[in-house]
Amino acid sequence: MEPLDTRGLTALRAVAETGSVAAAAAALQWSQPTVNHHLRNLERALGATLLDRTPRGSQPTTVGSLVVTRAVEILGLCQRLGAEVALWRESQAVPVRIGAVPTVGARVIPRLHDQLQARPRWQTRDEAVAGDRTDVLTAALDVTMDEHAKLVSRLESGDLDLALLVSTDLDRTWIPATLTAAHLYSERLFLCVPKTIGSIGLDDHGRPDLTALVSQTWAFSIDPGDAIDEVVRSFCLSAGFEPRVGMRMDDYAAINRMISAGLAVAMIPESSLSPDPDITVIPMPLSDCRRDVLLVSRSSRPQGRPRHDPIVDAHNSAIAEVVADVRTVTRQWR
């Protein structure tokens, strides 16, 4: 097979995302003949038809969908390669890319950063030279805060090395086979309601009587697969009703303000509770639900014959240091 031109992969990905060659050309700021030229070259190189073309647009064929999936990975790695080489040119540093859902990242990343500064590798190049450690390749932490599903996708594509994600007892199936998850700590969940609702009864197991909230508006996450939302939905369905979702946001400070104003009820993890006196806070039994914070990475793959590569070795060592220090800074919450 002849070598693949990444411009063909770029064109195919754009058509899959926009639904037509014309829209892809506009998104890429290419001409339509240019898009078609690179698509034909890609199909010729692979020996397969990659698009079903109709007057209403173009969609990937079955094999085309496979190529789109691989194109996302390949183009993501190409983009990462360019960024890493640029960082190396500027500061001779290897980056460790870590993602986090915002509520966990805001709690962990500042402490992680402080912890890493004690390690020689995480000093700036000037600090390393001043400390007579020119033999140590420096490292830099590249942090992304995003929705759960997007972080999982970026991990799978190789665009992230690690991610701080969350799960619950009811949500263990989201981890693809290509990823490995390690438990860091667990947070208790709390049902938070406006004080004006009045007292909510508890059963013998300490569970709140959710039937008192049938008419209330729930605040859910923007992410449709949010683990805590699934917990809420399962408890409400067990109580005989579907929760009425009236707002979606991922900012717990904003959610707490909505609860205080009497506009919503929500399930909130311990780290994001508000001391607002207008909010009633009801702890959920740990035996029923909790939020597990996980450190997720790409599963190790068999390697060929070992080859000494100082930059790759430095990158792997930097990732190992991040993993070790994440475990250190989260130990206090276990």
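Okay, let's start with the second largest pocket in this predicted model. It's lined by 23 residues, and the ones that lie nearest its centre are Thr 103, Ser 221, Asp 226, Asp 250 and Tyr 252. So which elements give two or more residues to that lining? You've got helix H5, residues 102–116, then strand S8 at 217–220, helix H8 at 227–238, helix H9 at 252–260, and strand S10 at 266–269. The largest share comes from H8, with 3 residues. For volume, put down about 320 Å³. And if you sort the lining by class, you get 13 nonpolar, 7 charged and 3 polar residues.

Let me step back to the whole chain for a second. We have 334 residues, and 44% of them count as buried. There are 10 helices and 12 strands. If you take the contacts with a separation of 6 or more, 72% of them are between residues 24 or more positions apart.

Now, strand S3. How many of its 8 residues are buried? The count is 8 of the 8, so S3 is largely enclosed by the rest of the structure. A bit of background here: in a regular strand, side chains alternate between the two faces of the sheet. In S3, Ala 93, Pro 95, Arg 97 and Gly 99 point one way, while Val 94, Val 96, Ile 98 and Ala 100 point the other way, and all of them are buried. Yes, that list of buried residues includes an arginine, Arg 97.

What does S3 pair with? One partner is strand S4, residues 138–145, in the parallel sense, over 8 bridges. To find that on your screen, look for Pro 95, whose bridge partner in S4 is Ala 140. S3 is also joined to S5 by 3 bridges, and those two run parallel as well. There, use Gly 99, which has Ala 163 as its bridge partner in S5.

S5 takes us on to strand S12. S5 covers residues 162–167, and it pairs with S12 in the antiparallel sense over 6 bridges. Leu 162 has Ser 297 as its bridge partner in S12. S12 also pairs with strand S6, residues 179–187, again antiparallel, over 8 bridges. A handy pair to click on there is His 183 with Leu 294 in S12. As for burial, 6 of the 8 residues of S12, which spans 291–298, are buried, so this strand is largely enclosed by the rest of the structure.

Okay, Arg 298. That residue is in strand S12. Is Arg 298 buried or partly exposed? Its relative accessibility is 29%, so it counts as partly exposed. Leaving aside neighbours within four places in sequence, Arg 298 is in contact with Leu 155, Glu 156, Ser 157, Gly 158, Leu 160, Asp 161, Thr 178 and Leu 179. Also, Arg 298 and Thr 180 are 118 residues apart in sequence, but C-alpha to C-alpha they're 6.0 Å apart.

Then there's Ser 299, in the loop between S12 and H10. Ser 299 touches Ala 177, Thr 178, Leu 179 and Thr 180, again not counting residues up to four places away in sequence. Its C-alpha is 9.0 Å from that of Ala 181, with the two positions 118 residues apart along the chain.

Next, the nonpolar cores. The largest one has 36 residues, and the members that touch the most others are Val 104, Leu 164, Leu 165 and Val 322. Elements giving two or more residues to this core are strand S3, H5, helix H7 at 148–157, S5, S6, S12 and helix H10 at 310–330. H10 gives the most, 6 residues. If you zoom in on Val 104, you'll find it touching Leu 164, Val 166, Tyr 185, Arg 291 and Val 293, with residues up to four places away in sequence not counted. There's also a second, separate core of 32 residues, which includes Phe 190, Cys 192, Leu 210 and Val 231.

One last residue, Gln 29. Most residues other than glycine have a negative phi. Gln 29 isn't a glycine, and yet its phi is positive, about 60°. Where does Gln 29 lie? You'll find Gln 29 in the loop between helix H2, 21–28, and helix H3, 32–46. At 73% relative accessibility, Gln 29 counts as exposed.

How values were computed
Residues numbered from 1 in each chain as written. Predicted model: local features only at pLDDT ≥ 70, side-chain atom pairs only at ≥ 80, totals over all residues. Heavy atoms only, no water. 1 Å grid on protein atoms, 1.4 Å probe; cavity = no way out; pocket = protein on both sides within 12 Å on 5 of 7 lines; lining within 4 Å. Points joined across faces, edges and corners; volume = space filled by probe spheres on them. Helix = DSSP H or I, 4+ residues; strand = E, 2+ residues; numbered from the N terminus. Nonpolar A, V, L, I, M, F, W, Y, C, P; charged D, E, K, R; others polar. Buried < 20%, exposed > 50% of the residue type's maximum accessible area, 1.4 Å probe, protein only. Pairing = 2+ DSSP bridges. Core = buried A, V, L, I, M, F, W, Y, C linked by side-chain atoms within 4.5 Å. Contact = heavy atoms within 4.5 Å.
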